[in-house]
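Please walk through this chain with an eye on strands, charge pairs and cysteines. The structure comes first, then the report.

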Amino acid sequence: CAISPMPTGNLVVPSTLGSAKVTAIGQEAFIGCSGLKSLEIPDSVTKIGRDSFQGCSGLTALSIPSNVTEIGIGAFIGCTGLTTVAISPNLVRIGHAAFSECDGLKQIDVDAGNPSYTSIDGVLYTKDRTVLVQCPGGADSVAFPSGLENICWHSIRGCRKLKSLTMPPSVTTIGA
């Protein structure tokens, strides 16, 4: 749960609260905290819950620890201040719309050792490049790779700056 009702500024999430180890950021923990500027998550955290930072439009600096293995659905939706996101080799599950409506997001970078995901020109795909997971909201043109089959649910949601989109004939499914 959130440390205060509406934290603002720079926040460091502690690795322990009392005698309990902090291992997850709970569902909707910081939803709507638009005054939150930067966030430091401890290495003890392995999961970021659904909608946990939804609408944190002021969030510009984010460090996702390498121990995080899962980011929930819509976890960072509407974080318009984010410009880049780095995916570590241990992050193996990213929920739908995790980074949707992030207008300032120009790039999603994936560590080459990640077994589940890859990025091409800052766009997030499954490792085999058959599923589009997330197009960054700040992209103005995207050319999907040949072999792409599925455009995931909300993977292009909020890409208001997108002027050019090239889709290969291999695409068979377009989600909501």
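Two strands count as paired if DSSP finds at least two bridges between them. Strands themselves are DSSP runs (E, at least two residues), and they are numbered from the N terminus. This is a predicted model: local features need pLDDT of at least 70, side-chain atom pairs count only at pLDDT 80 or more, and totals for chains, interfaces and linings use all residues. Residues are numbered from 1 along each chain as its sequence is written, and side-chain values use heavy atoms, with hydrogens and water left out.

## Strands

Strand β12 (residues 117–120) is joined to β13 by four bridges, and the two run antiparallel. Tyr117 faces Thr126 of β13 across this pairing. The two strands make a hairpin with two residues between them. Asp121 sits in that turn and has a positive phi of about 50 degrees.

A parallel arrangement is found elsewhere. Three strands build an open sheet in the order β1-β5-β7, with parallel pairing. Its edges are β1 (9–12) and β7 (61–63), each of which pairs on one side only. From one strand to the next the twist averages 20 degrees. For that angle, axes are lines fitted to C-alpha atoms, and angles run from 0 to 180 degrees between N-to-C directions. β1 and strand β5 (residues 36–40) run parallel and share four bridges. Leu11 stands opposite Leu39 of β5. In a regular strand the side chains alternate between the two faces of the sheet.

## Loops

Ser44 lies in the loop between β5 and β6. Its C-alpha atom is 9.2 Å from that of Pro14, although the two residues are 30 apart along the chain. Is Ser44 buried or exposed? Ser44 counts as buried, because its relative accessibility is 13%. The cut-offs are these: buried means under 20% relative accessible area, exposed over 50%, and partly exposed in between (1.4 Å probe, protein chains only).

Two other loop residues have positive phi values without being glycine. Asp51 has a phi near 55 degrees. Asp51 is in the loop between β6 (47–48) and β7, and is buried at 14% relative accessible area. Arg129 has a phi near 65 degrees. Its place is the loop between β13 (123–126) and β14 (131–134). Arg129 is partly exposed, at 38% relative accessibility.

## Salt bridges

How many salt bridges are there? The count comes to three. A salt bridge here is a side-chain nitrogen of Lys or Arg within 4 Å of a carboxyl oxygen of Asp or Glu. Side chains of opposite charge can pair when their charged atoms come close.

| Acid (relative accessibility) | Base (relative accessibility) | N to O distance |
|---|---|---|
| Asp51 (14%) | Arg50 (40%) | 3.7 Å |
| Glu101 (21%) | Arg157 (34%) | 2.4 Å |
| Asp103 (22%) | Arg160 (57%) | 2.9 Å |

Glu101 and Arg157 form a salt bridge. This pair links distant parts of the chain, 56 residues apart: Glu101 is in the loop between β10 (93–94) and β11 (107–110), and Arg157 is in the loop between β16 (150–151) and β17. Asp103 and Arg160 also meet in a salt bridge. They too link distant parts of the chain, 57 residues apart, with Asp103 in the loop between β10 and β11 and Arg160 in the loop between β16 and β17. Arg160 is exposed, whereas Asp103 is partly exposed.

## Cysteines

A search of the whole structure finds zero disulfides. The test is a pair of cysteine sulfur atoms within 2.5 Å. For Cys56, the nearest cysteine sulfur is that of Cys79, 5.1 Å away. Cys56 is buried, at 0% relative accessible area. For Cys159, the nearest is the sulfur of Cys135, 4.0 Å away. Cys159 counts as buried, at 11% relative accessibility.

## A nonpolar surface patch

Which residues form the nonpolar patch on the surface? They are Leu165, Met167 and Ile174, with about 270 Å² of accessible area together. Nonpolar patches take residues (Val, Leu, Ile, Met, Phe, Trp, Tyr) with over 30% relative accessible area and no salt bridge, their side chains joined within 5 Å. Accessible areas come from the Shrake-Rupley method with a 1.4 Å probe, and for residues only the protein chains shown count as cover. Met167 is in the loop between β17 (164–166) and β18 (173–174). Met167 is partly exposed, at 38% relative accessibility.

Note on methods: Patches are made of residues with over 30% relative accessible area and no salt bridge: like charges are joined within 9 Å, nonpolar side chains (Val, Leu, Ile, Met, Phe, Trp, Tyr) within 5 Å.
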